[in-house]
Amino acid sequence: MTDKAAAARDERYMRIALGLAARGLGNTWPNPAVGCVIVKADRIVGRGWTAVGGRPHAETMALQQAGDAARGATAYVTLEPCSHHGRTPPCAEALVVAGIARCVIALEDPDTRVSGKGAALLREAGIQVAEGCLANAAAEVNNGFLLSRERNRPAVTLKLAVSLDGRIGTHTGDSKWITSPVARMRTHLLRAQHDAVMVGSNTALQDDPDLTCRLPGLPKRPAVRIILDGRLRLSLTSRVVATAKETPTWLITRDDAETSRRQAFEECGVEVIAVEADEAGFPDLPQAFAQLAERGLTRILVEGGGKLAASLIRADLVDRMIWFRAPSVIGGDGLPGIAAFGIDTVAEAPRWQRVRADILGDDLLETFIRPL
């Protein structure tokens, strides 16, 4: 087989492993979502992906499925196999014991307990190791895990559902429904693919949302609901508070918030996270996201409102924008999807790269990322 053909084969199987890894998004935190495919004689004999809560690991699942067929096979893994002992033995050791002859790794694990050590352990055992196959695609799948390790914050996806003129509601606050049922179903799927969903206090007060995934066949996700509420204005009878003992609910507030009010939320089962106030008097967002990363979150879906969206963009904390656009016009007195954040010239405006566009019924869904 030529080098070109061998590289094409490796990419083919790694794409399958990446597809498996994506199945775990929203379920595996604080662990990364990893996929593994074991191939022998150009036939897949085992496949796996990180299970709910991070255990078992993808390699363990794939090896169990492969059984004796793993001996002499090639393992395709989207992230470097772990080499440290935790609740389970290291995956690198499991691959060695199984008799894998070759391991193709998409991306090195930035975790200091692993970084380079997993690949080294495999090489020391005589296993051929190839690294970097579809590394960019693997980094995209696990961008939240990478950011949590490298920059101490989760990846942030900002989702907006707006009219053609960028409004999320009328001047009276009415906002149901701007987009179609098909678009709203896609939003529920996005919730399922993230560790947590976040809204600002104005959105929580206006809409009283559930902030859960309600798609047939999928469990209620995401795992955590987060309200950014600097003054703890959220009602104790709101849906998220009333169900806090069933679905984890976190409130991010200022560290000088009223103690008795904070205790009332905690008695309802809400976890209150206090951070310093920024210059504008709102909870400091970099501090807040560092706290969320320390609690293990890697991917957060932010659904509004306009002030929170503006604050996140101004703080350069948005990694991806999901922009739903409905074919309606609300007018200049409507509520903007993104509030003002002090741009004086067009040259100062943050620019984004559109990477995908989908038609959802009458609505348009565009996906943007920050330019590399």
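In this predicted model, P56 is located in the loop that runs between β2 (43-49) and α2 (58-66). The peptide bond that joins R55 to P56 is cis, with omega about -5°. A further cis peptide bond leads from W29 to P30, where omega is near 10°. P30 belongs to the loop between α1 and β1 (35-40). These geometries stand out because most peptide bonds are trans.

Backbone torsions also mark two aspartates. D42, in the loop between β1 and β2, has a phi near 60°, a positive value in a residue other than glycine. D316 likewise is not a glycine and has a positive phi of about 60°; its place is the loop between α12 (306-314) and β13. Because its relative accessibility is 43%, D316 counts as partly exposed, the bounds of that class being 20% and 50%. Such values are worth recording because most residues other than glycine have a negative phi.

Interactions of ring systems were examined next. The count of aromatic pairs is 1. The pair is formed by Y13 and Y76, whose ring centres are 5.4 Å apart and whose planes make an angle of 40°, a tilted arrangement. Since Y13 is part of helix α1 (residues 3-22) and Y76 is part of strand β3 (residues 74-77), the pair ties together parts that lie 63 residues apart in sequence. Y13 and Y76 are both buried. The ring of Y13 also has a charged partner: the charged end of R12 sits over that ring, 4.8 Å from its centre. A second arrangement of this kind involves R23, whose charged end sits over the ring of W49 at 4.5 Å from the ring centre.

Helix α7 (residues 181-192) has 12 residues, and at 1.5 Å a residue these should span 16 Å; the C-alpha atoms at its ends are 17 Å apart, which agrees. The expected value is 16 Å because the span is taken as 1.5 Å times one less than the number of residues. Buried positions in α7 are A183, T187, H188, L190, R191 and A192. The partners against which the buried residues of α7 pack are the strands β6 (155-162), β12 (299-302), β13 (320-325), β15 (353-360) and β16 (363-369).

Helix α7 also takes part in the second largest pocket. This pocket holds about 680 Å³ of space. Its lining comprises 22 residues, and E140, L190, Q193, R320 and R356 are the closest to its centre. Two or more lining residues come from each of α5 (135-141), β6, α7, β13, β15 and β16. L190 is thus among the buried residues of α7 and also among the residues closest to the centre of the second largest pocket.

Enclosed space was assessed separately. Across the whole structure, the search returns 1 cavity of 30 Å³ or more. The largest cavity contains about 50 Å³ of space. It is lined by 14 residues, with T28, N31, N142, T298 and R299 lying nearest its centre. Of these, N142 occupies the loop between α5 and α6 (143-150). N142 has a relative accessible area of 6% and is therefore buried. Beyond its neighbours within four places in sequence, N142 is in contact with P32 and A33.

V141, in helix α5, has a relative accessibility of 15% and so counts as buried. Its contacts, apart from neighbours within four places in sequence, are L18, A21, A22, L25, A33 and R299. A33 is thus in contact with V141 and with N142, while R299, a contact of V141, is also listed among the residues nearest the centre of the largest cavity. By C-alpha positions, V141 and L251 are 28 Å apart in space and 110 residues apart in sequence.

L285 is part of helix α11 (residues 285-294). Its relative accessibility is 8%, and L285 therefore counts as buried. When residues up to four places away in sequence are not counted, L285 touches L228, L308, S311, L312 and L317. The separation of L285 from S235 is 50 residues in sequence and 22 Å in space, C-alpha to C-alpha.

Conventions
Residues are numbered from 1 along each chain as its sequence is written. This is a predicted model: local features need pLDDT of at least 70, side-chain atom pairs count only at pLDDT 80 or more; totals for chains, interfaces and linings use all residues. Side-chain values use heavy atoms; hydrogens and water are left out. Rings of Phe, Tyr and Trp (its six-membered ring) pair if their centres lie within 6.5 Å; planes under 30 degrees apart count as stacked, over 60 as edge-to-face and the rest as tilted. Helices (H or I, at least four residues) and strands (E, at least two) are DSSP runs, numbered from the N terminus. Buried means under 20% relative accessible area, exposed over 50%, partly exposed in between (1.4 Å probe, protein chains only). A charge sits over a ring if NZ of Lys or CZ of Arg is within 6 Å of the ring centre and within 35 degrees of the ring normal. Contact means heavy atoms within 4.5 Å. On a 1 Å grid over the protein atoms alone, a cavity is a set of points where a 1.4 Å probe fits but cannot get out, and a pocket is an open set with protein on both sides within 12 Å along at least five of seven lines; lining residues have an atom within 4 Å of a point. Grid points are joined across faces, edges and corners, and a volume is the space filled by probe spheres set on the points.
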